[in-house]
Amino acid sequence: MKAEVNENCIGCGLCNSICPEVFTMTDEGVATASSDISEEQEESVQEAADSCPVDAIEVEF
């Protein structure tokens, strides 16, 4: 699984609160995703993507 945060991110921090192991907030106030996503994290990464209010998280399997 791979996750990317696109330019739609508004910096709400919801993804970071759902899955802080993968999503972090940058100094610019937007989220970024780690490239190392384990099988155990896949469910919470998908939850973060589904919860994003601006569909800024793109998930690839």
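Colleague: How should one read the burial of a side chain here; is C15 buried or exposed?

Modeller: A residue is called buried under 20% relative accessible area, exposed over 50%, and partly exposed in between (1.4 Å probe, protein chains only). C15 is buried, since its relative accessible area is 10%. The model is a predicted one, in which local features need pLDDT of at least 70 and side-chain atom pairs count only at pLDDT 80 or more, while totals for chains, interfaces and linings use all residues. Residues are numbered from 1 along each chain as its sequence is written, and side-chain values use heavy atoms, with hydrogens and water left out.

Colleague: How many disulfides does the structure hold?

Modeller: A disulfide is a covalent bond between the sulfur atoms of two cysteines. The criterion applied is a pair of cysteine sulfur atoms within 2.5 Å, and the structure holds 0 disulfides. For C15, the nearest cysteine sulfur belongs to C9 and lies 6.2 Å away. C52 is likewise in no disulfide, with the sulfur of C12 as its nearest, at 5.9 Å. C52 counts as buried, at 13% relative accessibility.

Colleague: Which residues touch the most other members of the largest nonpolar core?

Modeller: In soluble globular proteins, nonpolar side chains tend to be buried together. A nonpolar core is a set of buried Ala, Val, Leu, Ile, Met, Phe, Trp, Tyr and Cys residues joined through side-chain atoms within 4.5 Å. The largest one has 14 residues, and A3, C15, V22, F23, V45 and I57 touch the most other members. Helix α2, residues 42-51, gives the most to this core, with 3 residues; helices (H or I, at least four residues) and strands (E, at least two) are DSSP runs numbered from the N terminus.

Colleague: What does I57 touch?

Modeller: Contact is taken as heavy atoms within 4.5 Å. Leaving aside residues up to four places away in sequence, I57 touches A3, E4, V5, C15, F23, A48, A49 and C52.

Colleague: How many cavities of 30 Å³ or more does the structure hold, and which residues lie nearest the centre of the largest?

Modeller: Rolling a probe the size of a water molecule over the atoms shows where empty space is left. On a 1 Å grid over the protein atoms alone, a cavity is a set of points where a 1.4 Å probe fits but cannot get out, and lining residues have an atom within 4 Å of a point. Points are joined across faces, edges and corners, and the volume is the space filled by probe spheres set on them. The structure holds 1 cavity of 30 Å³ or more, and about 90 Å³ of space lies in the largest cavity. Its lining has 15 residues, with C9, C12, C15, C52 and P53 nearest the centre. The lining divides into 13 nonpolar, 2 polar and no charged residues, where Ala, Val, Leu, Ile, Met, Phe, Trp, Tyr, Cys and Pro count as nonpolar, Asp, Glu, Lys and Arg as charged, and the others, Gly among them, as polar.

Colleague: Where is D55 found, and what is its phi?

Modeller: D55 belongs to the loop between α2 and β4 (57-60). Although D55 is not a glycine, its phi is positive, about 50°. D55 counts as exposed, at 57% relative accessibility.

Colleague: Is Q41, in the loop between β3 (31-33) and α2, buried or exposed?

Modeller: Q41 counts as buried, at 17% relative accessibility. Beyond residues up to four places away in sequence, Q41 touches E21, V22 and D36.

Colleague: How far apart in space are S17 and A48, and what are the distances from E43 to C19 and from D50 to G11?

Modeller: S17, in helix α1 (residues 14-18), is exposed at 55% relative accessibility; S17 and A48 are 31 residues apart in sequence and 8.6 Å apart, C-alpha to C-alpha. E43 lies in helix α2 and is exposed, with a relative accessible area of 68%. E43 and C19 are 24 residues apart in sequence, with 9.5 Å between their C-alpha atoms. D50, also placed in helix α2, is exposed at 59%, and its C-alpha atom is separated by 16 Å from that of G11, 39 residues apart along the chain.

Key: 1 Å grid on protein atoms, 1.4 Å probe; cavity = no way out; pocket = protein on both sides within 12 Å on 5 of 7 lines; lining within 4 Å.
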